Amino acid sequence: MYDLIVALIMGIVEGLTEFIPVSSTGHLIFTGHFLGFTGPKASAFEIIIQLGAILAVVWLYKDKFLYFLRIQPLVDRAKGLITGKKTPGGLTLVEIAAGMIPAVILGFLLRDLIKTGFNPLTVAIGLIAGGILLIVVEKVHIRTTVTSVDDVSVKQAFLIGVMQCLALWPGFSRSGATISGGVFFGLDRKSAAEFSFILAVPIMVAATTLEMKEVLITFEARDILQLAVGFIVSFIVAYFSIVYFMKLISKVSFIPFAIYRLIIGTAALVILL
């Protein structure tokens, strides 16, 4: 029974925090630490519930992902890059690939080092650093040039991808880094958030695929119910979290999220040191 309660709590935490700029990894590490749910099994469980959160994005933006499967928009965008002319149409796999490349390369090169850095102390530092970045982005007046995610350029996508590399530090937050990067490079909050959500899918699928061997080795048949609860709860909570977050950022800045990160990160440092 306790395993199911842990699955429920972890699923809620993952769904609430994966796509808002507060660091889902940090919250999962803190939550697992306080619940006594740590080690290889906990790490493998987190991979599964992340897939639930990913599915929520795919469902919410299914029209975008279906558009990615069309060949013609991809060909048109490739021709546009060669000729230097802007081509009509929405976001394509060209921009998504440009956003993925920096983190994929750096993440592959630093994979072993990153895995050793997942502990409450580094997470606390990442929370504080990410909170400071959100404040800087809000306080620096940057001209908005993109008000629709379909207008994100390849250059902007790549630069956001470079910012995403900051999230390789545990606790920094992938969504926090990419949303901040989006706003910093000319996207409005809504477009930055949507690009962050969409970009998360291939990045997270790639990351979870690399770790899937660990999942298969760690879990047994009797763990299926725990995995199912975590996965389903994560999907449902992530779905409503994204919907509410998109409504919220049209009314408020990222400052409340930054303050929350600073409070949680500082409190964690006080407890840990």
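**Salt bridges, rings and a nonpolar patch**

Let's start at lysine 64, which counts as partly exposed because its relative accessibility is 22%, between the 20% limit for buried and the 50% limit for exposed. Before going further, keep in mind that you're looking at a predicted model. Its mean pLDDT is 86 over the chain, with 88% of the residues at 70 or more. Confidence isn't spread evenly, though: helix α5 (residues 71-83) has the lowest, with a mean of 66, while α9 has the highest, at 94. Where pLDDT is low, the coordinates shouldn't be read in detail. That's a caution to keep in hand when you scroll past α5, where the mean is 66.

Back to lysine 64, then. What does its side chain meet in a salt bridge? The partner is aspartate 150, at 2.5 Å from N to O. This one links distant parts of the chain: lysine 64 belongs to helix α4 (residues 62-68), aspartate 150 sits in the loop between α8 (120-139) and α9 (154-164), and the two positions lie 86 residues apart in sequence numbering. Aspartate 150 has a relative accessibility of 25%, so this residue counts as partly exposed. In general terms, oppositely charged side chains can pair when their charged atoms come close.

How many salt bridges are there altogether? The count comes to 3. Another of them joins arginine 189 to glutamate 138, with the closest N and O atoms 3.1 Å apart. Because arginine 189 is in helix α11 (residues 189-218) and glutamate 138 is in helix α8, this pair ties together parts of the chain that are 51 residues apart in sequence. Arginine 189 is partly exposed, at 27% relative accessible area.

Arginine 189 has a further contact worth clicking on. Its charged end sits over the ring of phenylalanine 254, 5.7 Å from the ring centre. A similar kind of arrangement turns up with lysine 62, whose charged end sits over the ring of tryptophan 59, at 4.4 Å from the centre.

The remaining salt bridge to visit is between glutamate 194 and lysine 190, where the closest N and O atoms are 3.1 Å apart. Here both partners lie in helix α11, 4 residues apart, or about one turn of the helix. Are these two residues buried or exposed, or something in between? Glutamate 194 counts as buried because its relative accessibility, 12%, falls under the 20% cut-off. Lysine 190, at 44%, counts as partly exposed.

Now for the rings. The structure holds 8 aromatic pairs. One of them is phenylalanine 37 with phenylalanine 45, an edge-to-face pair at 5.5 Å centre to centre and 80° between the planes. Both of these residues are buried: phenylalanine 37 has 12% relative accessibility, and phenylalanine 45 has 0%. Tyrosine 239 and phenylalanine 240 also pair up, with ring centres 5.2 Å apart and planes at 75°, so this pair is edge-to-face too. The setting is another matter: tyrosine 239 is partly exposed at 25%, and phenylalanine 240 is exposed at 55%. Elsewhere, Phe19, Tyr61, Phe197, Phe245 and Phe257 come together as one aromatic cluster.

Moving on to the surface, look for a nonpolar patch of about 870 Å², made by Ile101, Ile105, Leu106, Phe108, Leu109, Leu110, Leu113, Phe158 and Val162. Two elements, α6 (93-109) and α9, each give two or more residues to this patch. Which element gives the most? That's α6, with 5 residues. Phenylalanine 108 lies in helix α6, and this residue counts as exposed because its relative accessibility of 66% is over the 50% cut-off.

For the opposite situation, turn to helix α10 (residues 174-184). Of its 11 residues, 10 are buried, so α10 is largely enclosed by the rest of the structure. Among the buried residues are Arg174, Gly176, Thr178, Ile179 and Val183. Just after α10, glycine 186 takes a positive phi of about 105°.

Technical notes
Residues numbered from 1 in each chain as written. Heavy atoms only, no water. Salt bridge = Lys/Arg side-chain N within 4 Å of Asp/Glu carboxyl O. Buried < 20%, exposed > 50% of the residue type's maximum accessible area, 1.4 Å probe, protein only. Phe/Tyr/Trp six-rings, centres within 6.5 Å; stacked < 30°, edge-to-face > 60°. Lys NZ or Arg CZ within 6 Å of the ring centre and 35° of its normal. pLDDT = per-residue confidence, 0-100. Patch = residues over 30% accessible without salt bridge, like charges linked within 9 Å, V, L, I, M, F, W, Y side chains within 5 Å. Areas by Shrake-Rupley, 256 points an atom, 1.4 Å probe, with all protein chains shown as cover.
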